[in-house]
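Here are my notes from a look through this one, point by point. Have the structure open while you read.

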Amino acid sequence: MCTVRWGSGAFAAIVITAAFISVDIFGFAGEASAQVLPAQSAPIIRSVAVTGNQRIEAETVASYLTLQAGQRADPKLLDVSLKTLHNTGLFSDVSLELQADGGLLVTVRENPIVNRVLFEGNKNVKEDKFTEEVQLTARGIFTRAKVSSDVQRIIEVYRRTGRFAATVTPKVTPLAQNRVDVIYEIDEGPKTGVAKINFVGNTVFTSTELRSVVLTDESRWWKFFSSNANFDPDRHEFDQELLRQHYGRNGYADFQVVSAIAELTPDRKDFFITFTIDEGPQYTVADVKVKTTLAKLDENVLEAFVPIRSGQIFDGEKIEKAVESITFATGATGYAFVDVNPRLSRHPESKMIDITFEVNEGPRVYVERINIKGNTRTVDKVIRREVRLTEGDAFNRVLVDRSRARIRSLGFFSEVEIEEKPGSAPDRTELDVTLEEQSTGSFSVGVGISSTENFIVDFSIEERNLMGRGQALRFRVQASSRTRSVDLRFTQPYFLDRNLAAGFSLFNQRTDFRESGFVRNRSGFGVNAGFQVSEFGRGGLQYLFTYDDVDIDSISRQLLAPGADPTSILAPGSNFTLIDTVDGFGRPATAVQANLCDFAVQNLTPTCESSGQFVSSLIGYSLAFDHRNDPIDPTSGWRASLAQSFAGAGGDVNYVRSEFSSAYYHRIFRGFIGALKFRAGYIEGYAGDDVRLSDRFFEGASTFRGFEVAGIGPRFLSPQRTRNGKPLSQAIGAKLYGIGSAEISIPLPLPKQYGIKASLFTDFGTVGLVDDATKFINGDVSFFVDPDGDGIFVEPVQDDLSLRATAGVSVSWDSPFGPVRFDLAEVLRQEFFDKTEGFRFSAGTSF
């Protein structure tokens with residue numbers, strides 16, 4: 001309110017009564033007013049003086065006034081000046097006074113400065129959560145409005161964690177030099193649970209089924225690890241969207257959530273949540289069309305990109321996939337700015353629905369800047385080369401999503417987010433790529449337990465982002481009862497700053513294939529190159545040179561017939577020793593001791609035929625395609641790869657090896673993810689060469705759960721050696737394998753940050769096929785064996801392509817000291833000569 005009173009005197013004066021403003025902030029009271037002496041006309045302001053200011057410069061205070069020296073003291077402008085000073089939030093009291101000499105005196109009292117902001121009583125929520133939300137900060141300006149706002153923000157933080165009984169009491173402690181300490185005393189109260197989730201109006205799906213759809217869980221004593229067994233308003237909104245998606249996937253296009261009510265019990269301990277829904281009819285797709293006004297686009301061609309066909313049950317998710325596919329297809333033809341608008345024409349009487357995708361030119365938006373944030377170690381260009389857009393390109397949502405997936409696939413970052421924000425003009429946008437780096441160096445340790453080997457330890461040192469340049473360097477030293485190896489590998493993913501990966505490897509390895517009875521010493525080197533063949537595909541070329549020394553490191557004894565020549569049972573030139581012993585009847589006898597493969601009867605066995613020294617020179621290629629929605633933790637999509645290598649570009653070995661691998665992922669419902677995987681391989685010699693033992697496929701353990709290492713596939717049953725009355729057997733490898741796996745990931749009632757996952761699996765497939773020469777001794781009945789001691793003799797080389805199958809449960813834990821994995825398996829189908837393993841464990845650590 002502004003009142004002007006005219007009077008007489010040597011100097012005109014004005015009395016202004018401004019709207020009364022009272023400030024009472026925890027003991028700080030103030031009043032804003034402006035008073036000058038009355039006058040018949042508004043006087044001219046001769047000067048402006050400021051008093052009461054401590055930290056703020058007088059010029060700064062005067063800059064907020066709408067009147068300056070030389071202007072008349074207009075009451076309206078004085079009132080505006082008074083309110084402007086208060087609205088700055090810098091002052092608890094302001095007054096304006098026109099002096100007798102024409103000077104305008106501005107008297108202020110500054111708001112206090114916050115010395116510290118303290119939180120007391122918070123046991124279940126870390127202080128960091130509050131500091132992200134509150135407005136008051138150390139060295140900031142104290143105002144009562146900010147305190148009230150902060151109280152509500154803290155309460156909201158607790159509500160998001162399910163504590164609706166939380167209360168916050170603010171207290172202020174005055175300090176010297178116009179400073180204050182602000183203390184928020186918190187009473188967290190009990191955690192508010194969810195007593196019951198009810199559904200009204202559902203007939204197609206039971207309430208139990210719908211409870212598995214929503215994210216919120218009912219509170220139960222055994223769900224003490226669950227972070228969803230409480231009420232969260234944001235999650236409550238998301239639950240409604242999950243219900244819409246669930247019904248939409250199952251053909252209910254008219255589904256609605258009529259109401260979603262959350263009622264808090266009087267004791268404020270639990271919520272009763274009730275969803276009232278209208279399911280509507282289930283629709284079947286009738287016609288699917290694509291309409292466009294763009295000249296260069298063929299509607300029939302675009303319809304081929306739509307994953308919806310007439311006669312199918314309506315699926316809302318496929319609508320979204322169709323929009324993405326059409327957007328990508330139109331972008332490939334040069335239309336970067338298109339709007340794809342799906343139109344649904346419902347026919348409730350026939351329960352049919354027509355879908356029309358209208359494709360029109362959309363608003364033109366260009367990428368002005370791409371900002372990379374959070375990469376404290378990784379250099380910018382490593383990230384930018386994975387972004388499918390560059391500055392100046394037309395904005396494309398599909399390419400933004402693809403860029404995020406490519407950056408995540410690097411494995412350098414735990415979090416990757418790409419956000420849009422307005423640019424300098426309406427047709428400009430900026431992309432903020434926000435990253436959170438994770439450790440890329442690793443020190444891994446693997447531990448295995450099986451019936452054939454008590455303990456295995458493997459460790460390696462690897463850096464996947466060397467000096468932040470995206471280069472990979474691995475130095476691995478492995479030592480165990482079966483393997484000793486040294487391996488050095490280096491990969492430059494963008495050789496010469498081109499989309500061409502290049503690398504090399506050096507290795508030396510000594511492996512005791514005890515399952516096959518031979519020891520292989522291998523040394524060599526390799527070079528490789530990788531390149532992009534499509535947006536989702538990569539190709540590779542490689543050359544590998546190896547020197548193998550395969551030794552049958554086993555000493556054997558064989559009784560010599562009386563008067564027989566030792567050389568008659570040995571290969572020519574063999575070294576041997578004669579030992580006095582007794583035969584099975586206790587009679588004196590002579591035994592010949594020599595290397596296992598020096599005995600003529602063993603020289604023809606599958607194991608001994610592959611001993612010796614060999615040089616291999618291989619040229620190979622590979623193709624891989626990855627259409628998974630997430631390369632780290634996929635929930636949908638597929639991947640496939642094919643690799644072939646040709647040995648014979650020099651060296652002593654000639655063969656062609658081919659391997660194929662694929663996987664398909666699909667979300668079943670809620671957190672249940674299904675996966676189908678398949679691997680196959682075949683190797684064949686040429687130019688008169690058979691496939692040597694060390695080049696064949698050995699499957700089992702991690703590649704076929706439920707079987708030991710090399711526990712499945714062709715085996716040689718030795719007629720000369722027995723254990724517990726049964727012949728010893730050796731894996732001899734296979735030329736062919738085909739192994740499939742069906743797996744369902746199970747959501748656990750544990751917080752995601754614990755990193756514990758579980759899955760049910762079944763592995764099935766076959767491993768077999770060896771060269772005819774390997775089965776040569778099957779034609780000699782003297783080599784036949786009686787595996788069960790029941791008088792039934794069988795061929796020594798067992799090779800059966802019959803189906804094997806196992807089932808079990810797998811649990812993995814991303815523990816603080818590295819990944820841990822447990823596999824429990826039950827064999828459902830096997831051959832008598834296979835070796836089974838019911839439990840397997842592995843662990844590792846990283847830095």
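1. Start with Asp 834 and Arg 804, which form a salt bridge with their closest N and O atoms 2.9 Å apart. This is a predicted model, so take that distance as computed. The pair ties together distant parts of the chain, 30 residues apart: Asp 834 sits in the loop between β38 and β39, while Arg 804 belongs to strand β37 (residues 804-815). Are the two partners buried or exposed? Asp 834 counts as buried because its relative accessible area is 6%, and Arg 804 is buried as well, at 0%.

2. Next, have a look at Glu 463 and Arg 377, whose side chains meet in a salt bridge at 3.5 Å, N to O. Here too the link is between distant parts of the chain, with 86 residues separating the partners. Glu 463 is in strand β19 (residues 456-466), and Arg 377 is in the loop between β15 (366-373) and α9 (380-384). The two ends are covered to different degrees: Glu 463 has 17% relative accessibility and that is under 20%, so it counts as buried, whereas Arg 377 is partly exposed at 39%.

3. A third pair worth a click is Arg 692 with Asp 689, a salt bridge with an N to O distance of 3.9 Å. Both Arg 692 and Asp 689 are buried. If you prefer groups to pairs, Lys 373, Lys 421, Glu 430 and Asp 432 are linked in a network of salt bridges. The structure holds 31 salt bridges, so don't treat my picks as the full list. As a reminder, side chains of opposite charge can pair when their charged atoms come close.

4. On to empty space. How many cavities of 30 Å³ or more does the structure hold? There are three. The largest cavity has about 50 Å³ of space, and its lining is made by Ala 701, Arg 705, Gly 706, Asp 823, Leu 824, Ala 825, Glu 837, Gly 838, Phe 839 and Arg 840. Two elements, β38 (818-829) and β39 (839-843), give two or more residues each to that lining. The largest share, three residues, is from β38. By class, the lining has four nonpolar, two polar and four charged residues.

5. The second largest cavity holds about 40 Å³ of space. Its lining includes Phe 697, Phe 698, Ile 712, Pro 714, Arg 715 and Val 767. What is the make-up of this lining by class? The residues divide into eight nonpolar, two polar and one charged. Among the polar and charged residues, you can pick out Gly 713, Gly 733 and Arg 715.

6. Last, the surface. Val 533, Leu 623, Phe 625, Trp 638, Leu 642, Phe 660, Tyr 664, Leu 676 and Phe 678 make a nonpolar surface patch of about 760 Å². Which elements each supply at least two residues of the patch? Those are β28 (612-626), β29 (637-651), β30 (655-669) and β31 (672-685). Phe 678 lies in strand β31 and is partly exposed, with a relative accessible area of 37%. Patch residues need over 30%, so Phe 678, at 37%, clears that cut-off.

Methods: Residues numbered from 1 in each chain as written. Predicted model: local features only at pLDDT ≥ 70, side-chain atom pairs only at ≥ 80, totals over all residues. Heavy atoms only, no water. 1 Å grid on protein atoms, 1.4 Å probe; cavity = no way out; pocket = protein on both sides within 12 Å on 5 of 7 lines; lining within 4 Å. Points joined across faces, edges and corners; volume = space filled by probe spheres on them. Helix = DSSP H or I, 4+ residues; strand = E, 2+ residues; numbered from the N terminus. Patch = residues over 30% accessible without salt bridge, like charges linked within 9 Å, V, L, I, M, F, W, Y side chains within 5 Å. Areas by Shrake-Rupley, 256 points an atom, 1.4 Å probe, with all protein chains shown as cover. Salt bridge = Lys/Arg side-chain N within 4 Å of Asp/Glu carboxyl O. Buried < 20%, exposed > 50% of the residue type's maximum accessible area, 1.4 Å probe, protein only.
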